[in-house]
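Student: Please take a close look at one part of this model, the largest pocket. What volume does the largest pocket have, and which residues line the largest pocket?

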Amino acid sequence: MGGDVLYNTSDAIGGFQFNVDGTTVSGASGGAAADAGFTVSTGGSIVLGFSFTGTSIPSGCGTLTSLVLDGDATGLSGI
């Protein structure tokens, strides 16, 4: 199972962390995070994305990243 995480922001994104409620995450790839060269790590229900080189995701909207889920998510929290 999978799901896209969308974003819509007027500020650049320098990094992100959030919890996926209701399931665990076994991977993340693609989207604006990949385009910006972010490292996106998952562990349990936590997703963490950042750049080792200081790049950011420009303001705007789109797909932040696509998640591989081990079940059905009920939402996101701790954003």
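Tutor: **The largest pocket**

The largest pocket has a volume of about 160 Å³. A pocket here is an open set of points on a 1 Å grid over the protein atoms alone, where a 1.4 Å probe fits, with protein on both sides within 12 Å along at least five of seven lines; points are joined across faces, edges and corners, and the volume is the space filled by probe spheres set on them. This is a predicted model, in which local features need pLDDT of at least 70 and side-chain atom pairs count only at pLDDT 80 or more, while totals for chains, interfaces and linings use all residues. Residues are numbered from 1 along each chain as its sequence is written, and side-chain values use heavy atoms, with hydrogens and water left out.

The lining (residues with an atom within 4 Å of a point) consists of Val5, Leu6, Tyr7, Ile13, Gly15, Phe16, Gln17, Phe18, Leu64, Leu76 and Ile79. Strands β1 (2-9) and β2 (15-21) each supply at least two of these residues, and β2 gives the largest share, four. Strands are DSSP runs of E, at least two residues, and helices runs of H or I, at least four, numbered from the N terminus. By class, nine lining residues are nonpolar (Ala, Val, Leu, Ile, Met, Phe, Trp, Tyr, Cys, Pro), two are polar (the others, Gly among them) and none is charged (Asp, Glu, Lys, Arg).

As for the surroundings, the protein has one helix and seven strands, in the order β-β-β-α-β-β-β-β along the sequence.
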